[in-house]
Structure formats: C-alpha cells, structure tokens
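I opened this model to follow one helix and the sheet, and I kept my notes in the order in which I looked things up.

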Amino acid sequence: MHASASHDSVYLDHAATTPMRQCAIDAWVEHAHAVNPGSQYAAGRAANAVLQEAREQVAALLGADPVEVIFTGSGTEADNIAVRGLYAASVREGAPQRVVASTIEHPAVLEPVRALEAEGAEVAWLEAGRDGHVADLAALDQPAAVAALMWANNETGAIQPVAEAAERAAAAGTPLHVDAVQAVGKVPVDFKGLGLTTLAASAHKFGGPRGCGILLARRSPVPVPLVLGGGQERGLRSGTVDVAAAAATAAALAEAVGEMEAEQARVRELRDQLVARVRSAVPGAVLTTSEPALAGHAHFMFPGANADAMIMLLDGLGIAASAGSACAAGVVRLSPVLEAMGIPDEEGMGALRLTLGRTTTEEDVARAATEIGDVVEKARAVGRL
Ligand code: PLP
C-alpha cells in the first residue's frame, strides 16, 4: 500500500512527486546490497557494472552519451552544479560576468542565479507573459557566462521554447542549462540533438526514488565542480554513488519513456475532462495552464478564494492538491511564478494546481470535479473575511 494511492484518497499532486514504479522498487531492492562501485575487487566491479548499465540506459533514453550522464543527489543539486559551475568555468575562460535566466525558474535555478548576482554578475531576465510562456529571447543574443531556461514550468506546466533558446545561446557562444525536471519522462528529450550544454532531471518525478538526480553534461565546456572529493562522476559530483538508486532511476525512466505516448494521451484526456468539469462547476474559474503545456497540468485561479483554505478543505475530503503559493514566515504570499507572469494578487492568491499522473483514474477526476464547486465557494467566503 502506498500512501498516495490508498483506496479512497485522490492524489492530484504528481508534479510534486509521483509514486515509485514497481520496476524501480524491484531494481532498488535487487541492488540494495551493492558495495562501493569504486572498489577494485569483484563485488566492487559488479556494483560498477550495474552503475554503468544504468548510465548507458539513461544516456540512450535521453539522447546523450554515457560519459555525459552524472548521477547526483537531487534535481536541485544538478541545477546548482550546472548554473554555478558553468558560470565559474566560463568566467575563468574570460566570458563576461553576465547571466541570462527566465523569471519563472524553479528556486533550484533561481537561487543560484540570485547568488551569482549578489556576487557581482549582471543578470538579464527572460520575462514570461501572462500565459506563462517566455516569448522574447533577445537577451540570449549577447554573450553570457551561462544561460538557463526551464523546459516546463512546475506550477503552470507551460513548455518553454528550449530549442530556439539553444540555437540562440549557441550562436552567442553561451552555454545553456535546461532544467528538465518536470519534462523528462513526459516529453521526448534529445540532449545532443538540441545542442544543450547541461540538463537536469530528477528521478522522483518519473517514478524513480526521491533523492536521485541526473545531470547531463557535455564533454565541453565542463562545469567547475561545487563539491570536491574523490572525483566520482567525472569529478563533477564527488561522493560514493548510490548504485541501487541509479539502477532504480534507469528502470523508471525506461518504463516512463516506453509508455510515454500512450500514457501522456491518456493523462491529457483526463486532464481535459477535469478542466471542463471544473470550469462548469465554478463561476469565474481561470485556467492558467496555456498550451503548449505538459499533459498532466491543470493550474487554476479562482479569484477571491483563499488558496490555503482550498488545500485544507480538499485535504479534509481526501484530495491532495497544491497551491503553488509560498508561505514565508507565516505570511502567505503570491507565488513568485505567478507574480513574474504579472498576475494580480486577487487572482493569484486563489491558485490551485491539480497535477495528474500515472495512478490517476477517471474516478479521481470525477471525485475532484464533484467537490470543487463547494470547496471554492467556502474558500471564497474565507477570502472575504
Ligand atoms: N526543478 C523543477 C522544475 C522542479 O519542479 C523541481 C522539483 O520540484 C526541482 C527542480 C528540484 O528537484 P528535486 O526535488 O529533485 O531537488
């Protein structure tokens, strides 16, 4: 029994994390006894063989070479190594102390960019419109030490123009990092074909274990490592690699990519049903998610409703969802992503993110759709207090 899919609960927060796939659990358990893959004796060589097989599998599934696959401790760690490490490498080679990044990046990218800014880098921001899409990529035409554009936004699901960004960054000689944490396993990814410098993914978003990230890093330019040590993972991520987690990650990714087309079509259909039913149940509902977008995302704004009240009321009914609004020091404030999109408080404070995934059924959608009208009405009453 896993908590997220117990009999009568409805889990609509797959963008936060998704239940582990059985094939990943099996691989995880099978290799739980793996010793240090850096050891030279037979057991070490056996562990290393499992690790290399996982690396080859991940590489083939994402259009990379095995040597370009770096296992990390999270998507956050992969993002940090890429942004800070590429910046340091470029500046060392004489690049301008300039960073280009979108305003809607996940904190795993945004915070390293802000840290570089505090250390003296000039940051050129790629702005998103009200539809959640970055349209103007002109800032990429001037050389920078590093540029970052996420593949798909975690709150709205909006897919960003990464192919065009890759071309323009390459033309300016700027290394481009793409945070593909929400996209991997849901849309086809061809690292080499796109010409990206680095890409971040996270196993727990596609049915692998939590605490295992993937950094794809081209042979050159190489990020300057943030953690120094034994030199594992091409020196980019020192520390003994978790062989079982790597094997589980590869197994989950293989299954996700194998069923991608059919599964994404199924999820999209359920999502569209949910959107239509929510719109008819709630007067004034605004769908924030705008195409092109991930198939499982339905981000709504219910003007006048209190997001926290919605989450708690839904939770009381056994429905797990997320608001996307950050709670800083006890003060609920507008989500920085919605703020960056120019959404006013009145709308954005009533945000509700429903994200569907592999375990989502028609019954889940029906349950959520049946309850939502009443929940929003009550949350609007709280909003008026
Ligand atoms: N980037 C995006 C777009 C995400 O959605 C997340 C997770 O929510 C991360 C990065 C961080 O990944 P992890 O949870 O593996 O640190």
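I looked first at Gly63, which comes just after helix 2 and takes a positive phi of about 70°; helices (H or I, at least four residues) and strands (E, at least two) are DSSP runs, numbered from the N terminus. I noted that this is a predicted model, in which local features need pLDDT of at least 70, side-chain atom pairs count only at pLDDT 80 or more, and totals for chains, interfaces and linings use all residues. Residues are numbered from 1 along each chain as its sequence is written, and side-chain values use heavy atoms, with hydrogens and water left out.

I then went back along helix 2, residues 42-62, and found that its 21 residues reach 30 Å from first C-alpha to last, close to the 30 Å expected (1.5 Å times one less than the number of residues). Its buried residues (under 20% relative accessible area, 1.4 Å probe, protein chains only) include Gly44, Ala47, Val50, Leu51 and Ala54. An α-helix has 3.6 residues a turn, so residues three or four places apart point the same way. I traced contacts (heavy atoms within 4.5 Å) from the buried residues of helix 2 and found them packing against strand 2, helix 6 (191-194), strand 8 (213-217) and helix 7 (243-258).

Turning to the sheet, I read 7 strands in the open order 2-8-7-6-5-3-4 with mixed pairing, where two strands pair if DSSP finds at least two bridges between them. Strand 2 (69-72) and strand 4 (122-126) are the edge strands, each pairing on one side only.

Last, I checked strand 3 (residues 98-102), which runs parallel to strand 5 (residues 146-148) and is joined to it by 3 bridges; Ala101 stands opposite Ala148 in strand 5.

Notes. Buried means under 20% relative accessible area, exposed over 50%, partly exposed in between (1.4 Å probe, protein chains only).
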